[in-house]
Amino acid sequence: MADVFVRIDELAGYATSYEKLATDSATAETNAVSGFAAFVGAWGDDGPGAAVLGAYKDAATDAIDCVQQVPVQLAAISTAMKATADAYLGTETANTVLAKGATS
């Protein structure tokens, strides 16, 4: 059997990095949503302007919906990484205690 070495400190560091990305992307997401809301009527209120807006509004709305999920998903990744690091460390600690008891 091969030894497995997990760099728990690195995993915890990545979790912190993803948490920061989630925070930063939340700001970008807010700006994107605000910018999109201000975009109404940008092509004009006449027939051709309304036609252009109508042709792209659904696709843009879908894109904004996806943008709003970015901070949520990054936060979930961060939380899962941290939980994995904590669980691994807890298991290693428990196994060390059990191993010491077996050799006493």
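Modeller: One term up front: a residue is buried when its relative accessible area is under 20%, exposed when that is over 50%, and partly exposed in between, using a 1.4 Å probe and protein chains only. Also, this is a predicted model, where local features need pLDDT of at least 70 and side-chain atom pairs count only at pLDDT 80 or more, while totals for chains, interfaces and linings use all residues. Residues are numbered from 1 along each chain as its sequence is written, and side-chain values use heavy atoms, with hydrogens and water left out.

Biologist: Got it. How many helices and strands does the protein chain have?

Modeller: Two helices and zero strands. Those are DSSP runs numbered from the N terminus, where a helix is H or I with at least four residues and a strand is E with at least two. Helix α1 covers residues 8-37, and helix α2 covers residues 47-103.

Biologist: And what does the C-alpha trace span along its principal axes?

Modeller: About 85 × 25 × 15 Å. The radius of gyration is 24 Å, whereas a compact globule of 104 residues would come out near 13 Å. That radius is taken over C-alpha atoms, and the globule rule is 2.2 Å times the number of residues to the power 0.38.

Biologist: How much of the protein chain counts as buried?

Modeller: 12% of the 104 residues. The accessible surface comes to about 7600 Å², and 64% of that belongs to carbon and sulfur atoms. Those areas come from the Shrake-Rupley method with a 1.4 Å probe, and for residues only the protein chains shown count as cover.

Biologist: Can you show me a buried residue?

Modeller: Try Ser 78 in helix α2. It counts as buried because its relative accessibility is 7%.

Biologist: What is Ser 78 in contact with, leaving aside its neighbours within four places in sequence?

Modeller: Ala 15, Tyr 18 and Glu 19. Contact here means heavy atoms within 4.5 Å. Among contacts in the protein chain with a separation of 6 or more, 86% are between residues 24 or more positions apart.

Biologist: What about Ser 25, buried or exposed?

Modeller: Buried, since its relative accessible area is 13%. Ser 25 is in helix α1, and beyond its neighbours within four places it is in contact with Val 70, Pro 71 and Leu 74.

Biologist: Which backbone oxygen lies 3.0 Å from a polar atom of the Ser 25 side chain?

Modeller: The one on Ala 22. A polar contact is a pair of N or O atoms within 3.5 Å; within protein, one must be able to donate a hydrogen and the other to accept it, and residues adjacent in sequence count only if both atoms are side-chain atoms.

Biologist: Let's stay in helix α1. What does Ala 32 touch, not counting residues up to four places away?

Modeller: Ile 64 and Val 67. Ala 32 is partly exposed, because its relative accessibility is 29%. From Ala 32 to Ala 15 you go 17 residues in sequence and 25 Å in space, C-alpha to C-alpha.

Biologist: New topic: how many salt bridges does the count come to?

Modeller: Three. The rule is a side-chain nitrogen of Lys or Arg within 4 Å of a carboxyl oxygen of Asp or Glu. One of them joins Glu 10 and Arg 7 at 3.8 Å, N to O. Another pairs Lys 20 with Asp 24 at 2.7 Å, and Lys 82 pairs with Asp 86 at 3.1 Å.

Biologist: Where do Lys 20 and Asp 24 lie?

Modeller: Both are in helix α1, four residues apart, or about one turn of the helix. Lys 82 and Asp 86 are also four residues apart, about one turn, in helix α2.

Biologist: Is there a reason Lys 20 and Lys 82 get separate labels?

Modeller: Lys 20 is exposed because its relative accessible area is 51%. Lys 82 counts as partly exposed because its value is 47%. As for their partners, Asp 24 is partly exposed at 40%, and Asp 86 is partly exposed at 43%.

Biologist: Last one: which residues make the nonpolar surface patch?

Modeller: Phe 39, Trp 43, Val 52 and Tyr 56, covering about 440 Å². Patches are made of residues with over 30% relative accessible area and no salt bridge, joining like charges within 9 Å and nonpolar side chains (Val, Leu, Ile, Met, Phe, Trp, Tyr) within 5 Å. Val 52 lies in helix α2 and is partly exposed, with a relative accessible area of 31%.
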